[in-house]
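Visitor: I would like to be taken through this model by asking why each label is used. Could you set the values against the criteria as we go?

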Amino acid sequence: MPYNPEDIHITPLDVGKAAVTVIGVSKSFGAASVLDNINFSVDEDEIVVLLGASGSGKTTILRIIAGLEMPDSGMVVLHGKDVTQLPARQRGTGVIFQSYALFPKMTVESNIAYGLKIRRSNRKAIREKVDQLIELVGLGEHRKKYPSQLSGGQQQRVAIARALAYEPEVLLFDEPFGALDAQIRATLRREIRVLLKKINVPSIFITHDQEEALELGDRIGVLNAGRMEQIGTPFEVYNKPMTEFVATFLGAANILEGSIKEGRFVTEGVALELDGDGKFKDGQKVKMVFRPEDVFLRRAENLTQNYQKLADGTIKEVTFVGAFERLTVRVDLPGREEIFVNRPKTETAGFPMRAGQNVPVGLVRFRIIADQKPD
Amino acid sequence: MSANLSGIKHTRGFDIVKPLSITMLIVMMLPLILLPMLSIFIFGTGNGLGSFWRALKAPEAVFALKLSMVTSFWATVFNLIFGLFAAYVLTKYNFWGRNAVIVTISLPTAIPTAVAGFALLLLWGPYGLFGRLVGAENTPRIMFTSYAIILANIFVTFPLAFGVIKPVLETMSTSLEEASATMGASRWQTFWHVTLPSLRGALLGGALLTFARAVGEFGSTILVSGNLALRTQTAPLYIFAKFNEGQVEAANAIAIVLALFSFAIFSILFFARDWLEAD
């Protein structure tokens with residue numbers, strides 16, 4: 001048995017409804033643990049992005065779902081069917097490899113037809129399906145070409161069409177934009193999201209690019225050293241990070257250590273009112289996270305804004321980065337000498353600031369996270 | 001001050017080393033390769049094309065050429081299949097003794113062909129391990145038949161096809177095979193539809209190399225074949241025999257054919273592989 005149901009204690013997953021369910025999956029290569037009790041599910045029509053640095057185990061999850069790797073424990077369920085013991089070829093997943101892995105000696109058409117040919121579909125059915133897919137991905141004029149004659153973006157579309165041909169249980173994208181340059185990446189991921197929403201196939205992407213994750217995913221799973229730190233909508237993981245890792249991996253974050261006292265976050269010289277979030281015990285050690293854009297700077301004391309004062313600071317550096325202004329502000333807080341602040345154009349135009357200026361530092365919003373990892 | 005800098009022309013002095021070294025290269029090749037090749041053609045056709053043609057049409061000559069082609073063909077078929085199989089197993093699986101297997105396959109490159117022939121004789125000859133079994137009555141004899149020539153050819157060309165196919169297999173991305181598997185293909189289907197087409201160039205190259213080498217084989221063949229005219233005499237043996245008998249013209253005619261043949265194979269190797277390997 002590859003898994004022991006007794007070991008699995010998780011929030012209940014609706015295996016019946018989900019397209020993909022990964023339950024208690026762990027994997028080690030030799031002495032190195034790569035995945036540690038991974039649980040998540042992907043609904044029909046949903047795009048889930050697994051986000052993590054290299055070595056976080058995200059590729060291994062994908063390979064385990066595809067059947068290219070065997071988990072040490074746990075199970076993989078595709079549309080209600082336990083496929084943990086099935087070899088890759090019997091699972092019917094569609095994998096879009098990082099390098100696309102198009103068959104070099106086959107034309108675009110033959111690449112797309114391959115899965116159907118293997119399934120011995122009749123010629124007419126194959127022909128119709130290939131025509132339909134070539135139209136879907138817009139490669140009509142390239143159908144007789146070989147992969148080496150196509151651009152990266154075109155190759156990727158062939159890879160997707162090829163996987164869609166046999167109506168896969170799930171599409172698995174292994175860092176699909178890794179080989180492309182920044183501009184094409186941004187265009188392609190928008191295109192792919194539109195395409196996937198049109199055809200409604202459950203999909204899992206893996207990436208190390210947080211911007212890509214935020215833009216592509218209906219939900220994002222953040223992986224750190226083989227553990228799933230948090231999974232939720234882009235809004236949730238960005239605005240309500242549950243761990244310090246999630247807070248810092250997705251976007252920039254300023255972090256302050258302290259504790260809870262009478263409904264307040266308290267540290268030396270700081271006391272901030274919490275808005276109703278009663279899940280922290282009095283005296284509990286916590287971390288306070290705030291994003292650069294959650295900071296509010298004003299020259300004069302101005303209390304009309306809805307913010308709480310954090311500290312007095314001195315502007316150390318002002319950098320213009322296009323859409324907004326990035327400031328480094330020197331503060332005198334425990335464990336923290338500098339904080340990072342972003343100011344939007346509307347602000348910078350009305351209230352220009354320069355290095356050396358003294359400013360009160362206010363917080364528009366912040367988030368408290370438990371100091372230890374939740375078990 | 002800097003106004004007229006663009007008017008200054010830069011020229012480089014004549015480099016004597018270039019024409020000198022090219023000339024030297026050709027002068028060195030002349031007596032070593034080009035002139036010997038040329039003399040075959042000059043002497044072979046010296047008495048007119050008619051006598052060349054007559055020498056070529058001699059039954060013994062025709063037989064020798066045919067025998068060379070047929071035995072080389074079967075040796076090529078065997079070594080191509082074997083080389084492909086060996087390369088596939090050795091790139092796909094890692095096992096204890098893998099390097100020993102690779103060295104063993106490559107060994108015939110380093111063994112003198114006369115030694116190879118002698119070794120085959122010891123094994124298959126009347127007192128050899130296998131020879132005792134097959135030499136008895138009502139069993140086919142191996143030594144001093146065309147089978148012996150095929151065996152000798154297989155031995156000396158053993159590593160050639162393998163050596164061409166293995167590096168190509170090694171550079172093939174495993175994700176191609178994985179992609180094929182996720183799309184529902186069995187191992188055999190993946191091999192047939194994905195792996196094999198990518199090896200077209202290597203297979204052709206390996207086959208031509210093996211065949212060319214087998215057609216020219218002399219050292220091992222002369223020991224195992226018996227060198228009997230119209231029975232076990234291959235083209236290189238024919239050249240040797242006729243030369244010994246003083247029939248230089250007969251030897252020369254076959255030499256021309258073999259030389260042209262090698263040239264043709266070399267040209268195919270040179271041009272067709274690029275074409276086959278192009279996507």
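**Reasons behind the labels**

Guide: Let us begin with a pairing in chain A, where strand S3 (residues 47–51) and S9(A) are joined by 4 bridges and run in the parallel sense. Within that pairing, Val48(A) stands opposite Arg219(A) of S9(A). Please keep in mind throughout that this is a predicted model.

Visitor: What makes S3(A) and S9(A) count as a pair?

Guide: Two strands pair if DSSP finds at least two bridges between them, and S3(A) and S9(A) have 4 bridges, so the criterion is met.

Visitor: Why is strand S9 of chain A described as largely enclosed by the rest of the structure?

Guide: The description rests on a count over residues 219–224: 6 of the 6 residues of S9(A) are buried, and the strand is therefore largely enclosed by the rest of the structure. Both directions are represented, since Arg219(A), Gly221(A) and Leu223(A) point one way, while Ile220(A), Val222(A) and Asn224(A) point the other way, and all are buried. In a regular strand the side chains alternate between the two faces of the sheet.

Visitor: Which strand follows S9(A) in a hairpin, and which residue there takes a positive phi?

Guide: The hairpin is made by S9(A) and S10(A), with 2 residues between the strands, and Ala225(A) takes a positive phi near 45°. S10(A) covers residues 227–232 and pairs with S9(A) in the antiparallel sense over 5 bridges, and the bridge partner of Gly221(A) in S10(A) is Ile231(A).

Visitor: How do you know that S11(A) and S12(A) are paired, and in which sense do they run?

Guide: The requirement is at least two bridges; S11(A) and strand S12 (residues 264–267) of chain A are joined by 3 bridges and run antiparallel, so they qualify as a pair. Lys261(A) has Arg264(A) as its bridge partner in S12(A). These strands form a hairpin with 2 residues between them, and Glu262(A) in the turn has a positive phi of about 50°. On another pairing, strand S11 (residues 254–261) and strand S14 (residues 285–290) of chain A are antiparallel over 6 bridges, with Met288(A) in S14(A) as the bridge partner of Leu256(A).

Visitor: Why are S15 and S18 of chain A said to stand at the edges of their sheet?

Guide: The sheet is an open one of 5 strands in chain A, ordered S15-S19-S16-S17-S18 with antiparallel pairing. Strand S15 (295–297) and strand S18 (336–344) of chain A each have a single partner strand, so one side of each is left without a neighbour in the sheet. From one strand to the next the twist averages 45°. Strand S17 (residues 324–333) of chain A pairs with S18(A) in the antiparallel sense over 8 bridges, and Leu333(A) has Arg336(A) as its bridge partner in S18(A).

Visitor: Why is Asn111(A) called buried?

Guide: The label requires 20 or more other C-beta atoms within 10 Å; Asn111(A) has 26 within that distance, and is therefore buried. This residue lies in helix H2 of chain A. Leaving aside neighbours within four places in sequence, Asn111(A) is in contact with Leu102(A), Phe103(A), Met106(A), Val158(A) and Arg162(A). For chain A as a whole, 40% of the 375 residues count as buried.

Visitor: How many residues does each chain bring to the contact between chains A and B?

Guide: Chain A contributes 21 residues and chain B contributes 16 residues. On the side of chain A that touches chain B, the largest share, 3 residues, comes from helix H2 (residues 108–118) of chain A. That side of chain A divides into 13 nonpolar, 5 polar and 3 charged residues.

Visitor: Why are H3(B) and H7(B) called oblique to each other?

Guide: Helix H3 (residues 59–92) and helix H7 (residues 146–171) of chain B pack at an angle of about 40°, with their axes 6 Å apart. Angles under 35 degrees would count as roughly parallel, and 65 to 115 as roughly perpendicular, so H3(B) and H7(B) are oblique to each other. The crossing of H3(B) past H7(B) is right-handed, and the residues of their contact divide into 19 nonpolar, 8 polar and 2 charged.

Definitions and conventions. Residues are numbered from 1 along each chain as its sequence is written. Chains are lettered from A and ligands numbered from 1 in the order in which they are written. This is a predicted model: local features need pLDDT of at least 70, side-chain atom pairs count only at pLDDT 80 or more; totals for chains, interfaces and linings use all residues. Axes are lines fitted to C-alpha atoms, for helices over the stretch in contact, and angles run from 0 to 180 degrees between N-to-C directions. Angles under 35 degrees count as roughly parallel, over 145 as roughly antiparallel, 65 to 115 as roughly perpendicular and the rest as oblique. A crossing is left-handed if the near helix is turned anticlockwise from the far one by less than a right angle, and right-handed if clockwise. Ala, Val, Leu, Ile, Met, Phe, Trp, Tyr, Cys and Pro count as nonpolar, Asp, Glu, Lys and Arg as charged, and the others, Gly among them, as polar. Two residues are in contact if their C-beta atoms, placed from the backbone, lie within 7 Å. A residue is buried if 20 or more other C-beta atoms lie within 10 Å of its own, exposed if 12 or fewer, and partly exposed in between; C-beta atoms are placed from the backbone.
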